[in-house]
Amino acid sequence: METIIFIETTKSGSSREAVKTAARLGFITVLFTEKKRFLKRRKEFPDITQMIHFDKMTEDLIRTEISQLQIQGKIINAIISFVDPFVSLAAQLSNELCKSNISVEALRNMEDKTATRKALKENPTTPKFEVLQPMANITDFINKEHSFPLIVKSPLSKASRDVYLVENKYELRKTIKKFLKIYPDQQILLEEYLDGPQYLVEVLVHNGKINIVAIFKQEITKEIKFIVTGYAIRLNVKDDFYNKLYNTVESIINDLKVTNAACHLEIRYVNGNWKLVEINPRISGGAMNRMIEEAFGINLVEETIRLYLGDEPNLIRKHEKHIYTHYLTIDSRGRLLKVTGKNRASKEPGVREVYIKPRKGAIMRPAESMGHRNGYVIATGNNLDEAKANAVNASRNIKFYLEPL
């Protein structure tokens, strides 16, 4: 009974597609999860052979459950997570118990943004940064000379949660106090604000060979927070601009000593130089796997699974198509009554997929993190501008009807 264990998943997106892919490849799939609602909706997960709930996942409890699975006769081929903060732990266990060869220390550094900055301190892509210790004197720190604006973030933030732009000392004090109230024992990371176009780069490293699988230009909307609302895949990446990007990504991966791992970087072009916003130890979530599959015919979660199994990933492009993904957000708050227009949107020119995330009765709000995006439209076109127009035009059909709270 060849088995792959997944430590946590989301309801949809890349991590969910990974479980489905493992099932399609013929493996027994076991999910370790802290989400009780998944057990209540068990019928919605037919690709998961066994679901095991934890009140709180710890390494000791995970090891105990793995031992029980082995007693049941399951052969554990890999232990994988596509969800923070379990990526490095899954890799560590997979290396130990399944003879994988994943770059655990590099993944661990990626999970902690402070550790990332320290590991890349000498890399020219690293912006100016400071780390505030939880026991430090706040007044002394704030009264120091700071170059505003600043980005203040939790080292463990994900999906743009716990990331704030501060313009002055008053906002800095307010934000630091908010952090310390929520996370009293956690460091706070302060970085210079990077102003320039932002790109997302998906990378898979196999036996030291760095494969840049896809490059996306991101469209960022600033309302309450910075939220990525658009992804435009870049097909023609042969000029000097992209050659410099490739060289920059390779320098980051080499400095982190990545030998075998999947990761993605968010990186900005600032005054003629590339600056690293962050690097994460997995494929990006949401529609990322679907976008790459539509653009190039590469199922990146499948190739990541192959990497964990010790096989060579196949990253040869089967085709190249212009793809744009437009994410849906709202500017009001309320309880969802209904959603209309999905079918009409699906029939618009170039549309490849329409996904609506919230269910009837869900509490909806303006986006304060990537998790508050309400769905997406993926579209193609004869060129990138047409693909974007197709995605945006189709999304206009979709209406969310809310009951005010």
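## Briefing: K318, two helices and two sheets

K318 comes out as exposed, because its relative accessibility is 60% and the cut-off for that label is over 50%. Keep in mind that this is a predicted model. Below is a quick tour, starting with that lysine and moving on to helix α3, an open sheet of 4 strands with a helix packed on it, a buried threonine, and an open sheet of 3 strands.

**K318 and its surroundings**

- You'll find K318 in a loop, the one that links α11 (300-308) to β14 (322-327).
- Exposed or not, K318 does have company: setting aside neighbours within four places in sequence, it is in contact with F296 and G297.
- With G297 there is a specific atom to look at, since the K318 side chain gets to the backbone oxygen of G297 at 3.0 Å.
- E192 is another matter: 126 residues separate it from K318 along the chain, and their C-alpha atoms lie 40 Å apart.

**Helix α3**

- Helix α3 covers residues 59-71, which makes 13 residues. From first C-alpha to last it reaches 18 Å, close to the 18 Å expected at 1.5 Å a residue.
- Its buried residues are I62, I66 and L69. Looking down the α3 axis, these fall within an arc of 55°, so they line one face of the helix.
- What covers that buried set? The cover includes four strands you can pick out by number, β1 (2-7), β2 (28-33), β3 (50-53) and β4 (75-80), along with helix α4 (87-98).
- Flip to the other side of α3 and you get D60 and I71, both exposed.
- After α3 comes G73, with a positive phi near 100°.

**The sheet of 4 strands**

- This open sheet runs β5-β8-β6-β7, and its pairing is antiparallel.
- At the edges sit β5 (129-132) and β7 (163-166); each has a single partner strand, so one side of each is left without a neighbour in the sheet.
- Going from one strand to the next, the twist averages 20°.
- For the pair β6 (150-153) and β7, there are 4 bridges, in the antiparallel sense. If you want a register marker, V152 has Y164 in β7 as its bridge partner.
- Helix α8 (169-182) packs on this sheet and touches β5, β6, β7 and β8 (188-192). The direction of α8 makes about 160° with that of β7.

**T114, a buried threonine**

- Is T114 buried or exposed? T114 counts as buried, because its relative accessibility is 2% and the cut-off is under 20%.
- T114 belongs to helix α6, residues 113-119.
- Leaving out neighbours within four places in sequence, the contacts of T114 are V131, P155, Q187 and L189.

**The sheet of 3 strands**

- Here the order is β17-β15-β19, again an open sheet with antiparallel pairing.
- β17 (363-364) and β19 (399-403) are the edge strands, and each pairs on one side only.
- Strand β15 (334-340) is joined to β17 by 2 bridges, with the two running antiparallel.
- To place that pairing on the structure, look for R335, whose bridge partner in β17 is I363.
- As general background, strands of a sheet pair through backbone hydrogen bonds, either parallel or antiparallel.

Definitions and conventions: Residues numbered from 1 in each chain as written. Predicted model: local features only at pLDDT ≥ 70, side-chain atom pairs only at ≥ 80, totals over all residues. Heavy atoms only, no water. Expected span 1.5 Å × (residues − 1). Buried < 20%, exposed > 50% of the residue type's maximum accessible area, 1.4 Å probe, protein only. Arc of directions from axis to C-beta. Contact = heavy atoms within 4.5 Å. Polar contact = N/O pair within 3.5 Å; in protein donor to acceptor, adjacent residues only side chain to side chain. Pairing = 2+ DSSP bridges. Axes fitted to C-alpha atoms, helices over the stretch in contact; angles between N-to-C directions.
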